[in-house]
Amino acid sequence: MVDSATSLTTVWAPAKVNLYLHVGRPLEDGRHPLDSLVMFADASAADRVSVRPLKTVTLNVDGPNAKALKGEKQNLVLQAAKLLKDAAGRSDLGAALNLYKELPVAAGIGGGSADAAATLQALNRYWNIGFGDEALLNLGAELGADVPACLRSDPQIMRGIGEKLTPFSACGLPIVLVNPAVKLSTADVFRKFDELGMGADFKEREGPDSTGGPEALAKALEEYSNDLEAPTKLLCPAVNEVLTTLEKTEGALLARMSGSGPTCFAVFSSFEAAKAAAYVLSKRKKKWWVRATLLSGSQ
Ligand SMILES: C[C@](O)(CO)[C@H](O)COP(=O)(O)OP(=O)(O)OC[C@H]1O[C@@H](n2ccc(N)nc2=O)[C@H](O)[C@@H]1O
Ligand SMILES: Nc1ncnc2c1ncn2[C@@H]1O[C@H](COP(=O)(O)OP(=O)(O)OP(=O)(O)O)[C@@H](O)[C@H]1O
C-alpha cells in the first residue's frame, strides 16, 4: 500500500502458521526434508515494513516486540535490502526502513522470514527494480527456508527443504495464536530432533480434504501432526501448558504447535468464537502473547 500524501510504502508481513509439519532425517547439508501445509494470518497478527526516502539504507524497529531485536546485528530486513541492491547492481539506492515488530521473535511463526519477504516486495516496488515473482522467490530462498512461502502468502504445501511450493485450496481459517513469551531457536529444535533419532518414517503425504469449512478442515487435520512438537517440548516445557490450555478452551476444534514452536494455535469455527477465546485467554494468562486471526484462504 502507498500513502500518496507521505509517499510512504508499507507492506504487511503476516505470521506463517504450519497447520501440520512432517520432518525427515537430515540431508547431507544438515537440513531436513519437510512436508507442511502453511497458511498466513491477516493484519491482526502481522509485522509491517515501511519505506521512506533517504540516501542510504537505515532501519528503525518499533512495536510491541521491538525489544527482542535489540542488538540484532543481522536483521533480516537489512539483509533483504542488501541482497536486492546487490542483485540489481544498484549500490546507489537508499531508503529509511521502519519495521513495526508485532510478532514474537524466534517463535515458529516465521516473523523474520515474513519481514524479509515484505522488504523484498516493498523495495522492489519503491526502487522500481522490476524483478518478477520468480526472481524474488530465488532471492528469498537465499535468506531463509520460509521466505519463498511468505512471498506467496496464500495457502501452500511446502516440501523439499521449504522451497518446493504447491498452492493449496483452503477456506479462511479462524484461529487463536498463543506464544508463552519464550524464545526458541529453530536450529536447536532440529538438533534435538536429530538427537532423538526421529524422521525415519517420513514420507510426503497427500494434503487433507479441504472442500468443507473450518470444522471439516480441523477434523481432517487430526490425521496429520507437527513432528517437531516432541523435541520442542523437551527444550521448552511451557509448550505443554499452552497446548493443554488451548485444548480445554471453549470452542477449540484442534490445538497444535506451529513450525519449531513455541507458538501454538487452536482452530475455531468462526472468527467471533476465536476472538471470544482470545479475550478470555489474554485475561487469564497476562504474560502470553495471544491473538485471534483469520488465516487467509485461497484467492
Ligand atoms: C521449520 C519451519 O518453521 C517450517 O515452516 C521452517 O522451514 C524454518 O524456516 P526458517 O526459520 O526460515 O529456516 P532457516 O532460517 O533457513 O533455518 C533455521 C535453522 O533450521 C534448520 N532447517 C531449516 C529448514 C529445513 N528444512 N531444515 C533445517 O534443518 C537450518 O539448518 C537452520 O539451522
Ligand atoms: N526482522 C526479524 N524478525 C525476527 N527475527 C529476526 C529478524 N531479523 C533477524 N532475526 C533473527 O532470526 C531469528 C529467527 O527469528 P524468527 O522470528 O523468524 O523465528 P521463527 O518464528 O522461529 O521462524 P521460523 O518459523 O521460520 O523458524 C531470531 O532469533 C533473530 O536472531
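Reader: What makes residues of the shell around ligand 2 count as nonpolar, polar or charged, and how many fall into each class?

Author: In this predicted model, the shell holds eight nonpolar, ten polar and three charged residues. Gly is counted among the polar residues by the definition used, so Gly-110, Gly-111, Gly-112 and Gly-259, which are among the residues that come nearest to ligand 2, belong to the polar class.

Reader: How do you know which residues are around ligand 2, and how many are there?

Author: A residue is accepted if its C-beta atom, placed from the backbone, lies within 6 Å of the ligand, and 21 residues are around ligand 2 on that basis, with Leu-76 also among those that come nearest. Helix H1 (76-88) and helix H2 (111-126) are the elements that give two or more residues to this shell, and H2 gives the most, with four residues.

Reader: Why is ligand 2 said to lie between domain 1 and domain 2?

Author: Domain 1 (2-166) and domain 2 (169-295) both give residues to the shell around ligand 2, and therefore the ligand is placed between them.

Reader: What makes residues of domain 1 and domain 2 count as in contact, and how many are there?

Author: Two residues are in contact if their C-beta atoms, placed from the backbone, lie within 7 Å, and with this cut-off 32 residues of domain 1 are in contact with 37 residues of domain 2. On the side of domain 1 that touches domain 2, strands S3 (16-23), S4 (34-40) and S8 (156-159) each supply at least two residues, and S3 gives the most, with seven residues. That side divides into 21 nonpolar, seven polar and four charged residues.

How values were computed
Residues are numbered from 1 along each chain as its sequence is written. Chains are lettered from A and ligands numbered from 1 in the order in which they are written. This is a predicted model: local features need pLDDT of at least 70, side-chain atom pairs count only at pLDDT 80 or more; totals for chains, interfaces and linings use all residues. Domain bounds come from an automatic or database domain assignment.
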